[in-house]
Amino acid sequence: MFYSKKLKNFKKLKHCFFSKKNGFSKGIYSGLNCGRGSRDNKKNVRKNLELVAKKMKVEKNKLILMHQTHSNRVKIINEKNYKKKINADAIITKMKSTALGVVTADCVPIILYDTKNEVIGCIHAGWRGAFSGIIKNTISKIKNINSNNNIYASVGPCIGKKSYEVDLVFFKKFIKKSHKSKKYFSSKNSHKKFFDLRKFVTDKLLDCKVKIDQVNHDTYTEKSNFYSFRRSCKLHEKDYGRCISVVSMI
């Protein structure tokens with residue numbers, strides 16, 4: 001379990017970037033796999049999510065997750081829709097005693113808190129979502145609720161730059177959109193680059209003028225703490241687990 005030093009200061013807020021430890025899943029999912037989209041035993045995933053809800057001190061039906069698709073779609077959660085299937089990659093709410101969760105396995109989980117208006121949120125920011133505007137869209141949605149705000153963002157555990165190898169097609173996609181994107185890449189060899197997803201996401205948050213802190217862990221290298229899509233691919237595993245990051249207001 002990992003925490004933001006800044007968010008820990010707010011008494012009305014509960015949050016946690018959960019590791020993969022202490023769950024019910026077995027085999028390649030061993031631990032706290034919270035990925036409902038994984039091919040893990042559904043009963044074990046349900047028990048894992050119940051454990052998370054208990055740790056967050058919310059009812060199990062008040063732990064709200066998204067159906068994540070690497071989009072730039074943001075949903076506001078309220079009393080009318082919290083029980084429905086939520087197709088989004090970011091969710092925000094003013095509801096108390098409700099936990100919002102994001103699941104990741106190398107992508108960036110971001111937890112948000114607007115202290116002035118008591119709005120919480122979480123973002124699933126992989127390169128696709130960040131590239132297509134998920135961060136800007138989410139912050140805009142919070143600012144639309146009230147333009148007088150004070151937003152904190154904590155950038156959670158994700159794949160580190162030295163673990164994130166990409167090809168030149170990937171690199172060119174970013175450069176085509178903006179030449180300034182060169183700063184997020186360094187060369188590995190003539191065919192491969194390393195990509196700094198954390199810095200890319202952090203700069204998108206800075207552009208939105210929010211206060212940021214980092215929970216800086218590499219999901220790829222820290223095998224005992226985190227699931228990793230990329231590591232599972234390298235090991236030729238058939239699937240992979242997902243860690244959960246959660247925020248709620250008391």
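Let me start with helix 5, residues 197–207. This is a predicted model, so please hear everything I say as a description of that model. The buried residues of helix 5 are Leu197, Arg198, Phe200, Val201, Thr202, Asp203 and Leu205. Just after the helix comes Lys209, with a positive phi of about 60°.

Stay with Asp203 for a moment. Its relative accessible area is 12%, and it is buried because the cut-off for that word is under 20%. Which residues does Asp203 meet in salt bridges? One is Lys199, with the closest N and O atoms 3.5 Å apart. Both residues sit in helix 5, and because they are four residues apart, about one helical turn separates them. In general, an α-helix has 3.6 residues a turn, so residues three or four places apart point the same way. Lys199 itself is partly exposed, at 35% relative accessible area.

The other partner I want to show is Lys183, whose side chain meets that of Asp203 at 3.7 Å, N to O. This pair links distant parts of the chain: Lys183 is in the loop between helix 4 (168–177) and strand 10 (185–187), while Asp203 is in helix 5, 20 residues apart. Lys183 has 48% relative accessibility and counts as partly exposed.

In total, the structure holds seven salt bridges. Another of them is between the side chains of Lys96 and Glu118, at 2.9 Å from N to O. Where do Lys96 and Glu118 lie? Lys96 is in the loop between strand 4 (90–93) and strand 5 (99–104), and Glu118 is in the loop between strand 6 and strand 7, so the pair ties together parts that are 22 residues apart in sequence. Lys96 is partly exposed, with a relative accessible area of 37%. Glu118, at 16% relative accessibility, counts as buried. There is also a network here: salt bridges link Lys12, Lys96 and Glu118.

Glu118 takes us to the hairpin. Strand 6 and strand 7 form a hairpin with four residues between the strands, and in it Glu118 takes a positive phi near 50°. The strands themselves, residues 108–114 for strand 6 and 119–125 for strand 7, pair in the antiparallel sense over seven bridges. Asp114 of strand 6 stands opposite Val119 in strand 7. Further along, Ile111 has Cys122 as its bridge partner in strand 7.

Are the residues of strand 6 buried or exposed? Seven of its seven residues are buried. Both faces are covered: on one side Val108, Ile110, Leu112 and Asp114, and on the other Pro109, Ile111 and Tyr113. Strand 7 is also mostly covered, with seven of its seven residues buried. Its two faces carry Val119, Gly121, Ile123 and Ala125 on one side, and Ile120, Cys122 and His124 on the other, all buried.

Now for the other neighbours of these two strands. Strand 6 also pairs with strand 8, residues 151–155, in the antiparallel sense, over five bridges. Ile111 stands opposite Ser154 in that strand. So much for strand 6. Strand 7, for its part, is joined to strand 4 by four bridges, and these two run antiparallel. There, Thr93 has Ile120 as its bridge partner in strand 7.

That leaves two places on loops. The first is Lys26, in the loop between strand 1 (13–17) and helix 1 (42–56). Which residues gather with Lys26 in a patch of positive charge on the surface? They are Lys43, Arg46 and Lys47. Lys26 has 60% relative accessibility, and it counts as exposed because the cut-off for that is over 50%.

The second is Thr221, in the loop between strand 12 (211–214) and helix 6 (229–234). At 51% relative accessibility, Thr221 counts as exposed. In sequence, Thr221 and Ser163 are 58 residues apart; in space, the distance is 7.4 Å, C-alpha to C-alpha.

To go back over the main points: Asp203, which is buried, has salt bridges with Lys199 and Lys183. Glu118 is in a network of salt bridges with Lys12 and Lys96, and takes a positive phi in the hairpin of strand 6 and strand 7. Strand 6 pairs with strand 7 and with strand 8, and strand 7 is joined to strand 4 as well.

Note on methods:
Residues numbered from 1 in each chain as written. Predicted model: local features only at pLDDT ≥ 70, side-chain atom pairs only at ≥ 80, totals over all residues. Heavy atoms only, no water. Patch = residues over 30% accessible without salt bridge, like charges linked within 9 Å, V, L, I, M, F, W, Y side chains within 5 Å. Areas by Shrake-Rupley, 256 points an atom, 1.4 Å probe, with all protein chains shown as cover. Salt bridge = Lys/Arg side-chain N within 4 Å of Asp/Glu carboxyl O. Lys, Arg positive; Asp, Glu negative; His and termini not counted. Charge placed at Lys NZ, Arg CZ, Asp CG, Glu CD. Buried < 20%, exposed > 50% of the residue type's maximum accessible area, 1.4 Å probe, protein only. Pairing = 2+ DSSP bridges.
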